[in-house]
Each structure stands twice: as structure tokens, then as C-alpha cells.
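Dear colleague,

I am passing a structure on to you with this email, and my notes on its cysteines and its pocket follow below. Please read them with the coordinates open beside you.

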Amino acid sequence: MTRANARELAVHLIYGRDFTGEEPQQVVATRLEKDYYQKLSEENDVYAERPSRAQLGYIDKVVSGVANREEELNAIIQKFSIGWDVTRISRLARCVMQLAICEILYVEDVPTGVAISEAVRLVKKYDGNDTGSFVNGILGSFARSLEAPREEPKEASEAAE
């Protein structure tokens, strides 16, 4: 299984958890149970191959990360979705953005650009091109805010002169 497929599977789990409210470990255990997983493969190609041990670790990390930091992630989405209330954003788009922001902030081996482009790819696949542009705008603004140089406090810059 590729990381892209593992990411898509993680979005499915995060999205499902958004409906059920289950604990992240329970969602992962239930949905990845062999017989259940095999039935899902008949409905979606992403389930054709089972995740490797490394991909299972990634899936568990991001599903738990999103669940444990949901308020923080939603606050970031709210901050950068100017003119939109986070509750008005489609559930799927919100889950995809939560995953991307979690990856950017907490998954060291996922470059920011990859997290954003994969989020846009996934949301276009499931929610359409317009939503892809919307998600790209929010995540791009968030990423630029992380790269923005911080202003030095006045006292420190004046002391240096």
C-alpha cells in the first residue's frame, strides 16, 4: 500500500469517526479487521491491498492525532476559512483539512507541499473541483503563516543598534 492510499484510508476512518464518535483505536481496529476490510475492497479500490506495518503506524498516528487535536485543528481551519463558519464546511472537506494540518504540524516525514496536494487530490475525488480550490486556499494560507518571519520585539531590535 502506498502512502497516498494509506492517507485516503485515514480520511475514510476520520470521516467515519466523525459520525460515530468512536475512540480512534476502536475505529482503526474495527475498520481494519480482516473480514470487514475485505468486504470494503469490493466497494473501493483503496481497500484492495492491506496496509503494511509502517502504513498501519501512520494511519493510527494520524487518526489518533486528528481525534485528540480536533478542537485545535478546527480552530486553525476556522481562522483561515475567512467568511465561513467551520460547521458550514462539508464534513469530508473538514476531515481532509484536519488530516493535512495534522500531517503538517505533527508528522515529520510528510512535507507541507505533499500534505496540501494530497488533501486537494482527495477532496476533489470525493467532493469536487470547487471544494478542491477552497481547501487549497485554506491550507495554502495556513502553510504561508507558518513560514512567515516573526517580528522581533522592539526592545530586542533597539538593543542591537
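Why is the sulfur of Cys-102 not in a bond with the closest cysteine sulfur? Please keep in mind throughout that this is a predicted model. The closest cysteine sulfur to that of Cys-102 belongs to Cys-95 and lies 12 Å away, which is too far for a bond, because a disulfide is counted here when two cysteine sulfur atoms are within 2.5 Å. By this rule the count of disulfides comes to zero, and Cys-95 is accordingly in no disulfide, with the sulfur of Cys-102, 12 Å away, as the nearest cysteine sulfur. As for their surroundings, Cys-95 is buried, at a relative accessible area of 1%, and Cys-102 is likewise buried, at 2%.

The other finding concerns the largest pocket, which holds about 180 Å³ of space. Its lining is made up of His-12, Leu-13, Gly-16, Arg-31, Tyr-36, Leu-40, Glu-43, Asn-44 and Tyr-47. When these residues are sorted by class, the lining has four that are nonpolar, three that are polar and two that are charged. Helix H1, which spans 3-20, and helix H3, which spans 34-41, each supply at least two residues of this lining, and the largest share, three residues, comes from H1.

If you look at one part of the model before the rest, I would suggest the cysteines, Cys-95 and Cys-102, whose sulfurs are 12 Å apart.

With best wishes

Key. Residues numbered from 1 in each chain as written. Predicted model: local features only at pLDDT ≥ 70, side-chain atom pairs only at ≥ 80, totals over all residues. Heavy atoms only, no water. 1 Å grid on protein atoms, 1.4 Å probe; cavity = no way out; pocket = protein on both sides within 12 Å on 5 of 7 lines; lining within 4 Å. Points joined across faces, edges and corners; volume = space filled by probe spheres on them. Helix = DSSP H or I, 4+ residues; strand = E, 2+ residues; numbered from the N terminus. Nonpolar A, V, L, I, M, F, W, Y, C, P; charged D, E, K, R; others polar. Buried < 20%, exposed > 50% of the residue type's maximum accessible area, 1.4 Å probe, protein only.
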